[in-house]
Amino acid sequence: MKFGIGQAVTRREDDRLLTGSGKYADDLRFANESHLVLVRSPHAHARIVAVATAAAQAAPDVLAVFTGAQLAADGVLAFPVSTELMTAAGKPMSGPPFFPLATDTVRFVGQPVVAVIAATRTAAESAASEVVIDYQPLPAVASLDAALAPGAPLLWAESPGNVAAVSKFGDAAACDAAFARASHVTRIHIDNQRLAPVTMEPRAGAAPEPADVGGYFDLTSHDVAHDFRRVAVDALEAMGISVEFSHHECAPGQQEIDLRYADALTTADNIMTFRHMMKEVALQQNVYATFMPKPFTDQAGSGMHMHLSLFEGDRNAFHDPSDELNLSKTGRSFMAGLLRHAREITAVTNQWVNSYKRLFGDPLDGLVSEAPAYVCWGHLNRSALLRVPMHKPGKANSSRIEVRSPDSACNPYLTLALLLSAGLAGIEGEYELPPGADEDVAALTDAERAAMAYEDLPHNLSDALRVMESSELVAETLGEHVFDYFLRNKRAEWADYRAKVTPYELDRYLPIL
């Protein structure tokens with residue numbers, strides 16, 4: 001049934017809050033946080049004669065004490081009242097000045113009068129108890145009928161008779177005539193109190209903050225989760241997952257842990273176990289581990305660089321000691337296959353809406369973009385999609401290709417399947433590897449990249465899905481069922497994202513449009 005006035009609406013409860021497993025805004029905790037406690041009016045209607053806050057201000061750990069008069073003197077304005085409701089005289093509904101803290105009069109029980117901010121909740125509550133407020137009680141009413149009765153106490157001088165607006169719609173005379181002709185008239189009195197003067201529990205959220213302020217290969221300990229990597233590596237080793245290296249990455253709170261190479265299926269299994277273990281270790285250290293590709297706008301995103309090599313028995317098929325990069329023709333064709341099909345497989349290697357904030361984020365001052373957004377390869381070029389790492393002399397097994405586009409949240413099974421499929425297509429088709437890139441590709445202009453035939457990866461998930469849906473290679477590799485389901489699932493995700501009004505839009509457009 002279509003919603004209408006008077007229609008019953010089924011109440012929706014949040015089971016998490018009812019069972020104690022959810023979080024209220026008051027449950028959020030941060031490092032170096034401050035606590036605010038409000039001193040509220042015990043009167044429904046009273047004049048504020050005096051407010052004494054000296055004892056509260058002198059209490060330990062108190063940071064600030066505010067009264068309504070102080071906020072008004074500092075230029076803090078009343079809450080804006082916006083309404084399209086008009087009175088019978090054609091004037092807007094009156095909106096009395098309602099300040100965050102009461103200034104001279106309180107008009108309901110629980111109205112905030114004084115705000116105390118302290119370093120701890122206990123200190124704030126203790127200081128608030130030191131506030132002394134002298135009230136002169138005024139007559140009060142507790143029903144709409146009493147408020148509208150002749151001689152009722154006036155709540156706001158701006159609203160004579162306690163009436164904010166009188167609105168009439170339609171033809172009053174015709175309406176009265178219709179009731180006069182009616183054989184039976186039912187009258188009902190409805191009190192519709194839609195005002196919430198004091199919010200019990202506001203909607204609130206907390207922006208994530210990095211667990212530390214470390215930088216690339218930072219070895220200094222941090223106050224929060226300083227043993228995270230050591231505990232994480234120990235946990236992985238205990239489960240039989242070998243770790244090659246671990247260190248702090250360039251962004252605050254960003255860690256890198258490199259798993260030892262294995263066959264493709266074992267590697268995918270290890271990645272899934274690794275993700276679960278990282279979250280468990282983080283929870284033990286009172287922090288949260290995320291594999292979100294780009295959690296912070298102004299910091300580097302998190303990738304999952306994959307090193308690939310093919311073996312024929314014990315021989316590395318990518319190794320050729322006569323080549324300047326120690327890379328065989330097979331290895332070069334494999335790379336060519338990855339480049340040719342890179343755009344087709346991006347929806348899988350970068351499968352989330354947020355993935356493209358990493359690939360096409362704002363340039364970061366003083367840093368080469370290590371999130372490859374352009375289809376090219378290089379030797380020691382960390383801005384390229386594919387990289388040929390430096391070969392270790394005497395170690396043929398170290399010849400390999402690094403694929404830098406996958407992010408830390410991709411499905412490792414589908415990603416590895418498509419990387420191998422694209423590379424093998426290059427070998428079978430004897431694809432020719434184009435010249436490598438030596439420059440920072442992200443720093444080039446669009447015209448310069450076009451002249452060098454460097455294609456862009458898809459710029460968002462929707463673009464990536466459009467490229468993927470026409471790819472025979474992806475369809476054949478994933479199979480019809482997975483291929484169709486993946487496209488349906490990701491199109492739904494994109495449609496859901498596209499329909500949302502974002503904080504960016506509100507911040508940019510709401511003040512000016």
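This is a tour of a predicted model, stop by stop, with selections to make in the viewer.

**Stop 1: the three-stranded sheet**

Select residues 35-40 and 62-67, which are strands S1 and S3. Add residues 112-118 for strand S5. Together they make an open sheet of 3 strands in the order S1-S5-S3, paired antiparallel. S1 and S3 are the edge strands, each pairing on one side only. From one strand to the next, the twist averages 20°.

Now look at the pairing of S3 with S5: 5 bridges join the two, and they run antiparallel. To find one of the partnerships, select Val62 in the viewer and then Ala118, its bridge partner in S5.

Next add residues 121-128. This is helix H4, which lies across S1, S3 and S5 and runs at about 25° to S1.

**Stop 2: Arg40**

Stay with strand S1 and select Arg40, which lies in it. Is this side chain reaching a backbone atom, and which residue supplies the oxygen? Show Gly110: its backbone oxygen lies 2.9 Å from a polar atom of the Arg40 side chain. Arg40 has a relative accessible area of 37%, so it counts as partly exposed.

For a sense of scale, draw a distance from Arg40 to Gly426. The two are 386 residues apart in sequence, and their C-alpha atoms are 73 Å apart in space.

**Stop 3: strand S2 and its two partners**

Select residues 46-52, strand S2, together with residues 105-106, strand S4. These run antiparallel and are joined by 2 bridges. Within this pair, Ala46 stands opposite Val106 of S4.

Then add residues 132-137, strand S6. Here 6 bridges make the connection to S2, again with the strands antiparallel. Pick Ile48 and then Tyr135, its bridge partner in S6.

Keep Ile48 and Tyr135 displayed and add Val39 and Val65.

**Stop 4: the nonpolar cores**

Move on to the largest nonpolar core, which has 48 residues. Select Met335, Leu338, Trp377, Leu386, Met468 and Val474, the residues with the most contacts inside this core. Helix H12, residues 412-428, provides the largest share of the core, with 6 residues. The four residues left on display from the previous stop, Val39, Ile48, Val65 and Tyr135, are in a second, separate core of 21 residues. In soluble globular proteins, nonpolar side chains tend to be buried together.

Centre on Trp377. What is in contact with Trp377, leaving aside its neighbours within four places in sequence? The contacts include Leu325, Arg332, Met335 and Leu339, then Ala384, Leu386 and Val388. Also among them is a run from Leu433 through Pro434, Pro435 and Gly436 to Ala437.

**Stop 5: helix H9 and the four-stranded sheet**

Select residues 329-340, helix H9. The helix has 12 residues and reaches 16 Å from its first C-alpha to its last, close to the 16 Å expected at 1.5 Å a residue. Its buried residues are Gly331, Ser333, Phe334, Met335, Ala336, Gly337, Leu338 and Leu339.

H9 lies across strands S9, S13, S14 and S15, running at about 10° to S15. Those 4 strands form an open sheet in the order S9-S15-S14-S13, with mixed pairing. The edge strands are S9 and S13 (377-378), each pairing on one side only. For S14 and S15, select residues 386-387 and 401-403; 2 bridges join them, and they run antiparallel. Arg387 stands opposite Glu402 of S15.

**Stop 6: His248**

Select residues 243-248, strand S7, which contains His248. Is His248 buried or exposed? Its relative accessibility is 1%, so His248 counts as buried. Two backbone oxygens should be shown with its side chain. That of Gly215 lies 3.0 Å from a polar atom of the His248 side chain, and that of Gln254 lies 3.4 Å from one.

**Stop 7: two asparagines in loops**

Finish with Asn162, in the loop between helix H5 (144-148) and helix H6 (172-181). Asn162 has a positive phi of about 60°, although it is not a glycine. Then go to Asn286, in the loop between helix H8 (264-284) and strand S9 (306-308). Asn286 also has a positive phi, near 60°, and is a residue other than glycine. With 72% relative accessibility, Asn286 counts as exposed.

How values were computed
Residues are numbered from 1 along each chain as its sequence is written. This is a predicted model: local features need pLDDT of at least 70, side-chain atom pairs count only at pLDDT 80 or more; totals for chains, interfaces and linings use all residues. Side-chain values use heavy atoms; hydrogens and water are left out. Two strands pair if DSSP finds at least two bridges between them. Axes are lines fitted to C-alpha atoms, for helices over the stretch in contact, and angles run from 0 to 180 degrees between N-to-C directions. Contact means heavy atoms within 4.5 Å. A nonpolar core is a set of buried Ala, Val, Leu, Ile, Met, Phe, Trp, Tyr and Cys residues joined through side-chain atoms within 4.5 Å. Buried means under 20% relative accessible area, exposed over 50%, partly exposed in between (1.4 Å probe, protein chains only). The expected span of a helix is 1.5 Å times one less than its number of residues. A polar contact is a pair of N or O atoms within 3.5 Å; within protein, one must be able to donate a hydrogen and the other to accept it, and residues adjacent in sequence count only if both atoms are side-chain atoms.
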